[in-house]
Amino acid sequence: MRIQLTAKSKIIGALITMMLIPQAFAKEALVDSQSELPDAKKSEIGEHIQTRDLTRIPEGEFGDKVKKGYALFVNSQSMQGTYVNNQQNCVNCHMQAGAKANSAPLWGAYMAYPAYRKKNDKVNDFYERLQGCFTYSMDGKAPAKDSPELIAISAYSYWLAMGGLMDKHGLENQPVPVLSDEMLQIGGNAENFKMPKAVAAQLPMSKRAKLPGRSYPKIPKAELEPSLERGEIVYNSSCASCHGKSGEGLKEAGVQYIPALWGKDSFNWGAGMHRVNTAANFIYENMPIAKGEQLSYQQAWDVAAFINSHERPQDPRFKGDVSETAKKYHNHQGYYGKVVNDKTVGSEAF
Ligand code: HEC
Ligand code: HEC
């Protein structure tokens, strides 16, 4: 039997849809997490692209967007109270203004999106990945698609990537082609992404997500299970002078110039850096600052565990029950929801 939609059932249908939509939005509003990037090998100098000097950012409308993106990235605190809620700047984790190879550089990321994610069966555009870092690493509220902020950071990321690629493939003297805001926000791994021929010839889609130097290179597994006791010893001897006895970092005249590693000014429980393995990779390569690759692998694991066993801002997906949130979103190497010193980590989050 055919079911005929009567006017009444149509109205009821519309009402149900209206009731459902806010919920669907609520679910969609947060990117599912700062999901882990594919494992990356360390790339040596010469293997990865070199970004152009900032003095080569062109004059004009496009160049202004690139400059604005750079400024937001290094001084993200200018978005304090709008999109940023802690005391972090993007550059704290993506070093040298997002240009440093093996420190999750913007250029490596830019060419890898749109990316298909099995976990939520969804394609993520570049701007959505940016939104993830606002929501979690910056403990903030992500700017909307098409906001001047996301367009600017996308433009800056694109300029870093394309300038480096053009230099590598013999187009040193040519300016980076201007793209529409819409294309800028999608990312370099789109099928219809336009590149100079000399670059396109070297960069089929199969290679774009794997530019040498992308991500934080994976370090070998710790020989011993990471230990909070050993981690504390490493922390006090090699990190506390800058990051503070209680992980609070350093502030002068209210300006945070060395980032907090835990506590209210730090990244939240949904951020990628709270995973022990991600932090261990980052720390081994980059810390103590300017003296990377000086800790042993074991020390990097131990100190990453120590830092990430402390309280920090709550996971924004938290609905009142830490164990629920942990079960749903924390199926990885981290302390959220585990018991440390007789307390459930996450239960006193800010
Ligand atoms: C507390 C450290 C931290 C801060 C601050 C931070 N990020 Fe991230 N970011 C990460 C981590 C960790 C990842 C994921 C790396 C992984 O899982 O291996 C990531 C991933 C990314 C990626 C994707 C990288 C790729 O190769 O796919 C982009 C793009 C990005 N962040 C942009 C930003 C922007 C823009 C800001 C500032 C608004 C920011 N990040 C602030 C830690 C941080
Ligand atoms: C000489 C000062 C100094 C020392 C010592 C130092 N750091 Fe850092 N650390 C920094 C600065 C500065 C940054 C931000 C980098 C930037 O903005 O370019 C940083 C960033 C970080 C971050 C990024 C996360 C965030 O929340 O923004 C982590 C994690 C980190 N350090 C861990 C460590 C660990 C672990 C040690 C000890 C092994 C250590 N650091 C030693 C100065 C230091």
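The following exchange concerns the surroundings of two ligands in a predicted model.

Author: In this predicted model, local features need pLDDT of at least 70 and side-chain atom pairs count only at pLDDT 80 or more, while totals for chains, interfaces and linings use all residues. Residues are numbered from 1 along each chain as its sequence is written, chains are lettered from A and ligands numbered from 1 in the order in which they are written, and side-chain values use heavy atoms, without hydrogens and water.

Reader: What makes His94 and Cys133 protein donors of the iron atom of ligand 1?
Author: Donors are N, O and S atoms within 2.8 Å of the metal (3.2 Å for Na, K and Ca); water is not among the atoms, so sites may look incomplete. His94 (NE2) and Cys133 (SG) lie 2.0 to 2.3 Å from the iron atom, and therefore qualify.

Reader: Why is the arrangement around the iron atom of ligand 1 called octahedral?
Author: Six donors count as octahedral if opposite donors are over 155 degrees apart and all others between 65 and 115. The six donor atoms here subtend angles of 85 to 179°, which makes the arrangement octahedral. The pair His94 and Cys133 links distant parts of the chain, 39 residues apart: His94 is in the loop between helix 2 (61-74) and helix 3 (95-98), and Cys133 is in helix 5 (residues 126-135). Helices are DSSP runs (H or I) of at least four residues, numbered from the N terminus.

Reader: Why is His94 called buried, and why is Cys133 called partly exposed?
Author: Buried means under 20% relative accessible area, exposed over 50%, and partly exposed in between (1.4 Å probe, protein chains only). His94 has 17% and is therefore buried, whereas Cys133 has 21% and is therefore partly exposed.

Reader: What makes the approach of Arg214 to ligand 1 a polar contact?
Author: A polar contact is a pair of N or O atoms within 3.5 Å. A polar side-chain atom of Arg214 lies 2.7 Å from an oxygen atom of ligand 1, and the pair therefore meets that limit.

Reader: How do you know where ligand 2 lies with respect to domain 1 and domain 2?
Author: Domain 1 (54-208) and domain 2 (228-344), with bounds from an automatic or database domain assignment, both give residues to the shell around ligand 2, so ligand 2 lies between them. That shell has 22 residues, counted if a heavy atom lies within 4 Å.

Technical notes
Tetrahedral: all angles 85-135°; square planar, octahedral: opposite > 155°, others 65-115°. Helix = DSSP H or I, 4+ residues; strand = E, 2+ residues; numbered from the N terminus. Polar contact = N/O pair within 3.5 Å; in protein donor to acceptor, adjacent residues only side chain to side chain.
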